[in-house]
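Colleague: Before we discuss the packing, could you bring up the sequence and the model, so that we can go through them together?

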Amino acid sequence: MNPNDLHTAPTSRPMSRREWLLRSGLGLGSLGLAALGMGARAALGDSPFARPSPRPARAKRVIQFFLNGGPSHIDTFDPKPMLAKYAGREIPGGNLPTERKTGAAFPSPFAFTKSGESGIEVSEIFPFVASQIDKIAVIRSMKAAIPNHEPSLMLMNCGDAVQSRPSMGSWITYGLGSENENLPGFIAMCPGGYPIKATENWRAGFLPGAYQGTFIDPQHESVDRLIENIRSDVVPRDGQRQQLDLLTQINEAHRRQRMADDRLDARQQSFELAFRMQMEASDVFDVSKEPESIRKMYGDGVHARQALIARRLVERGVRFVQLWHGAGQPWDSHDDIEVHRTLARQCDQSIGALLMDLEQRGLLEDTLVICGGEFGRTPTVELKQSGDATRGRDHNPYGFTVWLAGGGVRGGTVHGATDEFGFQAVEDVVEVH
């Protein structure tokens, strides 16, 4: 795209807000594709090439396990013995206000064990992760802002609970570029469909649309189902190339008559990327090509499959891979916290296996692995409208846990702390930002 095109739009019609921003200089983000060294095919929105980081950094790529719904920190990575002492009684100082009414102290039904050489305590529901705890830095002092899923998901993913801003994966891909022009730089996988807030969780915001995350539903084992409509059953590759070239000519004629619009860039880029993905994507998503020993290490089921795919993606230059636990908000355990045991069993082995696999391949040192949810859960029992106690916990934004591994993170460490009951972060508080 020629920057001079910004000044050649017809002026006989009302100017849209987007056009005004473009003309005023705030629209320079729409030049991002061309500015990242894309050469003669910049107008087609090809994936941007990788470029040197402005500062030395260990992490070159990110894999994020998003346990959507709000995992309970006091039942996973932040044990609170005082809850047993006050079980069934009001905690000193009273309860903080949350989305729903809560009652007495509710001790964890799960046992905690000191693990690894570091001796960090981890819940019995995460034995495989516990075996890798010396690779992990546990942040026990996270703090969000609002006890509701939708704004908390936006805060965790996009940095703002209200305004429409780019997601973390989009920012990282925009800043570092892609190392593989045949695959998306940012991929979000969620078994069974979308999480709450759907595609807003991986949106590009005001960045060029090409940096939005690409959604994959890993519940499908067949590669053709995982990445549907990539191959054509009726047109050979050379015929598809001719079709895309014609489409490009038509779109370029369309572009010359209108103000520059990054949505057109993104649309054209998606056509080109899909064409290039036909060979590489069919390979990277096919976990049957992995040795049986590796597949056995990850285990069975959709979480094992998506974790193994994540490793194969980052090996091939994908910058950001987000692995959601499932559609909706599976970790939202209002009625019975025992559900956490089942949820942890679904992903524990594959998370532990990924950390081992990355280390064995020399990838862990420059791959940042993140695991957590949008907030934690209350140390007090949730109450029904009748006032009767459940066996669940309400949302808790005041204090919760997220852990990191790889990418230069110092493993076997704990950062910060919540109070003695686990209601709020009190030591070395870490805001979501």
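Modeller: One definition is needed beforehand: Ala, Val, Leu, Ile, Met, Phe, Trp, Tyr, Cys and Pro count as nonpolar, Asp, Glu, Lys and Arg as charged, and the others, Gly among them, as polar. Please also keep in mind that this is a predicted model.

Colleague: How do the residues of the lining of the largest cavity divide into nonpolar, polar and charged?

Modeller: The largest cavity holds about 90 Å³ of space, and its lining includes L67, P71, F77, F126 and W403 as well as S72, H73 and G372. By the classes just given, the lining divides into seven nonpolar, five polar and no charged residues.

Colleague: Which element gives the largest share of that lining?

Modeller: The elements that give two or more residues to the lining of the largest cavity are β9 (367-372) and β12. The largest share, amounting to three residues, comes from β12.

Colleague: Is helix α5 largely enclosed by the rest of the structure or largely open, and why?

Modeller: The buried residues of α5 include H149, P151, L153 and C158, where buried means a relative accessible area under 20%. What covers them includes β1 (61-66), α6 (168-176), β8 (320-324), β11 (389-396) and β12 (400-405). Because nine of the ten residues of α5 (residues 149-158) are buried, the helix is largely enclosed by the rest of the structure.

Colleague: The aromatic pairs come next. How far apart in sequence are the parts that the pair of Y174 and Y211 ties together?

Modeller: This pair belongs to a structure that holds twelve aromatic pairs. The ring centres of Y174 and Y211 are 5.2 Å apart and their planes lie at 85 degrees, so the pair is edge-to-face. Since Y174 lies in helix α6 and Y211 in the loop between β6 (186-189) and β7 (214-216), the pair ties together parts whose separation in sequence is 37 residues.

Colleague: And how are the rings of W202 and W324 arranged, stacked or edge-to-face?

Modeller: W202 is buried, with a relative accessible area of 1%, and W324 counts as buried at 0% relative accessibility. With ring centres 6.2 Å apart and planes at 65 degrees, over the 60 that the class requires, the pair is edge-to-face.

Colleague: Which residues form one aromatic cluster with W202 and W324?

Modeller: W202 lies in the loop between β6 and β7 and W324 in strand β8, so their pair ties together parts that are 122 residues apart in sequence. The residues that form one aromatic cluster with W202 and W324 are F66, Y194 and F215.

Terms used
Residues are numbered from 1 along each chain as its sequence is written. This is a predicted model: local features need pLDDT of at least 70, side-chain atom pairs count only at pLDDT 80 or more; totals for chains, interfaces and linings use all residues. Side-chain values use heavy atoms; hydrogens and water are left out. Buried means under 20% relative accessible area, exposed over 50%, partly exposed in between (1.4 Å probe, protein chains only). Helices (H or I, at least four residues) and strands (E, at least two) are DSSP runs, numbered from the N terminus. Contact means heavy atoms within 4.5 Å. On a 1 Å grid over the protein atoms alone, a cavity is a set of points where a 1.4 Å probe fits but cannot get out, and a pocket is an open set with protein on both sides within 12 Å along at least five of seven lines; lining residues have an atom within 4 Å of a point. Grid points are joined across faces, edges and corners, and a volume is the space filled by probe spheres set on the points. Rings of Phe, Tyr and Trp (its six-membered ring) pair if their centres lie within 6.5 Å; planes under 30 degrees apart count as stacked, over 60 as edge-to-face and the rest as tilted.
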